[in-house]
Amino acid sequence: MKTIETLIIGGGLSGLYAAGLLAEKNLPFILLEARERIGGRILSIEHKGFFTDMGPSWYWPEINPKLTGLIRSLGIHGYPQFEEGLGRLEHPNGQIQTVKGFATEPVSWRINGGMQSIVNKLAALLPEKTVKLKNPVCEIEKAPGGALVRVGELELEPINQFMARRIILAIPPRLAAATILFTPDIPHHLTQAMLRTGTWMAGQAKFFTLYDVPCWRKAGLSGQAFSQRGPLGEIHDGSSQEEGPYGLTGFLGIPAFQRKDNQSLTRAILDQLASIYGDTAAQPTAFYYQDWAREKYTATEFDQPPMYEHPIYQPPAGQISIWDGIIHFAGTETADRQGGYLEGALVSAQRAVDNIYPS
Ligand SMILES: Cc1cc2nc3c(=O)[nH]c(=O)nc-3n(C[C@H](O)[C@H](O)[C@H](O)COP(=O)(O)OP(=O)(O)OC[C@H]3O[C@@H](n4cnc5c(N)ncnc54)[C@H](O)[C@@H]3O)c2cc1C
């Protein structure tokens with residue numbers, strides 16, 4: 001078996017950015033991605049040329065220097081979140097109040113072409129056949145000169161295996177500890193630290209509705225609403241920068257265990273939109289829903305309860321690599337700056353590559 005210099009596990013933003021950094025230096029690598037698509041938590045679904053972001057939709061140019069630079073270098077354009085007009089507040093008893101609206105600070109920006117355009121453009125710059133989809137890693141075994149990586153389901157015959165000199169582990173640490181077998185065992189305190197590291201937004205679900213006409217804007221509303229009743233907890237205008245399509249998008253406010261029946265949930269979401277914005281809001285031209293808590297390559301059982309605060313992320317147990325530099329941690333939850341966010345995905349990837357190839 002040929003030894004791969006650097007094997008990247010995970011084709012989200014972090015893994016793809018690490019791949020891009022290696023490719024820029026003409027360094028060899030292979031990237032293994034479990035899903036049939038790249039992007040991980042980044043997912044934009046196309047509707048007639050418009051892209052609905054079902055994962056991240058915002059970046060903050062004022063505090064995301066790496067991401068803003070990357071977006072610019074890839075020739076992608078952003079635009080500020082629409083916030084003109086009044087907001088709505090839904091009380092637990094269903095009473096709806098019109099409020100001043102909450103201006104985000106720093107200003108949130110959306111991406112023309114959706115967040116997916118970042119990962120698509122990054123992947124297009126990589127050498128051919130370096131990204132292998134449908135390759136879920138199930139085991140990493142230390143071996144002379146590196147590690148043997150098995151792909152498939154544990155206990156079953158592997159569908160693929162690779163010998164790697166080094167590994168960049170670009171998946172959430174909690175998911176890695178819960179789903180990948182490390183041989184020999186990684187230290188107990190490290191496994192615990194990985195399991196304790198909540199995967200940011202993994203327990204969330206998001207909706208997106210599209211319209212030809214923005215009824216809320218016509219009524220002087222910004223589209224921003226907060227609800228203490230549910231099922232939606234937070235709503236924003238998700239419209240295109242152009243003259244349509246117009247969209248409402250946001251997060252479910254109820255925990256994962258209450259989100260089992262998609263049909264009644266869809267009805268409840270549309271009813272809630274009607275009560276907040278008027279009846280036409282319940283007749284979108286398209287409706288999308290994504291429950292990240294049910295995604296086995298994002299969330300574990302530990303991610304099902306809601307996370308109320310943004311954790312302070314850092315490399316697991318303070319370690320940026322293990323096994324004498326064979327495995328290097330990347331992925332946003334291992335970043336010591338902007339962890340959990342897209343910016344953290346880049347920060348951690350850069351650290352892993354710099355650690356392997358110090359300049
Ligand atoms: C609903 C939602 C809204 C968000 N909003 C924002 C926002 O507005 N702004 C912001 O900055 N951030 C936001 N985030 C967070 C942002 O999405 C993440 O910070 C970022 O996408 C993480 O990238 P990553 O590459 O570190 O991890 P991931 O995107 O999770 O990538 C990990 C990759 O590893 C793959 N994988 C998993 N297991 C295996 C395995 N065993 N073998 C091989 N591959 C595997 C996965 O399929 C995935 O592709 C949001 C997230 C969600 C879910």
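**Note on the predicted model**

1. Met-201 counts as buried because 21 C-beta neighbours lie inside 10 Å, and 20 or more are needed for that class. The model is a predicted one. Met-201 sits in the loop between α5 (188-196) and β14 (205-211). Its phi is positive, about 70°, although Met-201 is not a glycine.

2. Met-201 also belongs to the surroundings of the ligand: of the 41 residues there, Met-201 comes nearest together with Gly-10, Gly-12, Gly-40 and Pro-56. By class, this shell is made up of 22 nonpolar, 15 polar and four charged residues. Three helices, α1 (13-24), α4 (173-179) and α8 (342-356), each contribute at least two residues to the shell.

3. Helix α1 deserves a closer look. Its twelve residues reach 16 Å from the first C-alpha to the last, close to the 16 Å expected at 1.5 Å a residue. Nine of the twelve are buried, so α1 is largely enclosed by the rest of the structure. The buried residues are Leu-13, Ser-14, Gly-15, Leu-16, Tyr-17, Ala-18, Ala-19, Leu-21 and Leu-22. They pack against the strands β1 (3-9), β2 (30-32) and β12 (160-169), and against the helices α3 (116-124) and α8. Just after α1, Asn-26 has a positive phi of about 60°.

4. Tyr-17, in helix α1, can serve as an example. Tyr-17 counts as buried because 28 C-beta neighbours lie inside 10 Å. Apart from neighbours within four places in sequence, Tyr-17 is in contact with Leu-122, Ala-345, Leu-346 and Ala-349. The C-alpha atoms of Tyr-17 and Val-347 are 9.6 Å apart, although 330 residues separate the two along the chain.

5. Helix α7 (residues 262-277) has 16 residues, which at 1.5 Å a residue should span 22 Å; the end C-alpha atoms are 22 Å apart, in agreement. Its buried residues include Ile-269, Gln-272, Leu-273, Ile-276 and Tyr-277. These cover an arc of only 105° around the axis, which means that they are on the same side of α7. The exposed residues Gln-263 and Ser-264 are on the face turned away from the buried side of α7. Just after the helix, Gly-278 takes a positive phi of about 105°.

6. Strands β3 (residues 44-47) and β4 (residues 50-53) pair in the antiparallel sense over four bridges. Within this pairing, Glu-46 has Phe-51 of β4 as its bridge partner. Two residues lie between the strands of the hairpin, where Lys-48 takes a positive phi near 50°.

7. Two cis peptide bonds should be noted when reading the loops. One joins Glu-105 and Pro-106, with omega about -5°; Pro-106 is in the loop between β7 (96-99) and β8 (109-111). Another runs from Gly-230 to Pro-231, with omega near 5°. Pro-231 lies in the loop between β15 (221-227) and β16 (232-237).

8. Glu-155 is a residue other than glycine with a positive phi, near 75°. Its place is in the loop between β11 (146-151) and β12. With 8 C-beta neighbours inside 10 Å, Glu-155 counts as exposed, whereas Met-201, with 21, counts as buried.

Notes:
Residues are numbered from 1 along each chain as its sequence is written. This is a predicted model: local features need pLDDT of at least 70, side-chain atom pairs count only at pLDDT 80 or more; totals for chains, interfaces and linings use all residues. A residue is near a molecule or strand if its C-beta atom, placed from the backbone, lies within 6 Å of it. Ala, Val, Leu, Ile, Met, Phe, Trp, Tyr, Cys and Pro count as nonpolar, Asp, Glu, Lys and Arg as charged, and the others, Gly among them, as polar. The expected span of a helix is 1.5 Å times one less than its number of residues. The arc is that of the directions from the helix axis to the C-beta atoms. Two residues are in contact if their C-beta atoms, placed from the backbone, lie within 7 Å. Two strands pair if DSSP finds at least two bridges between them.
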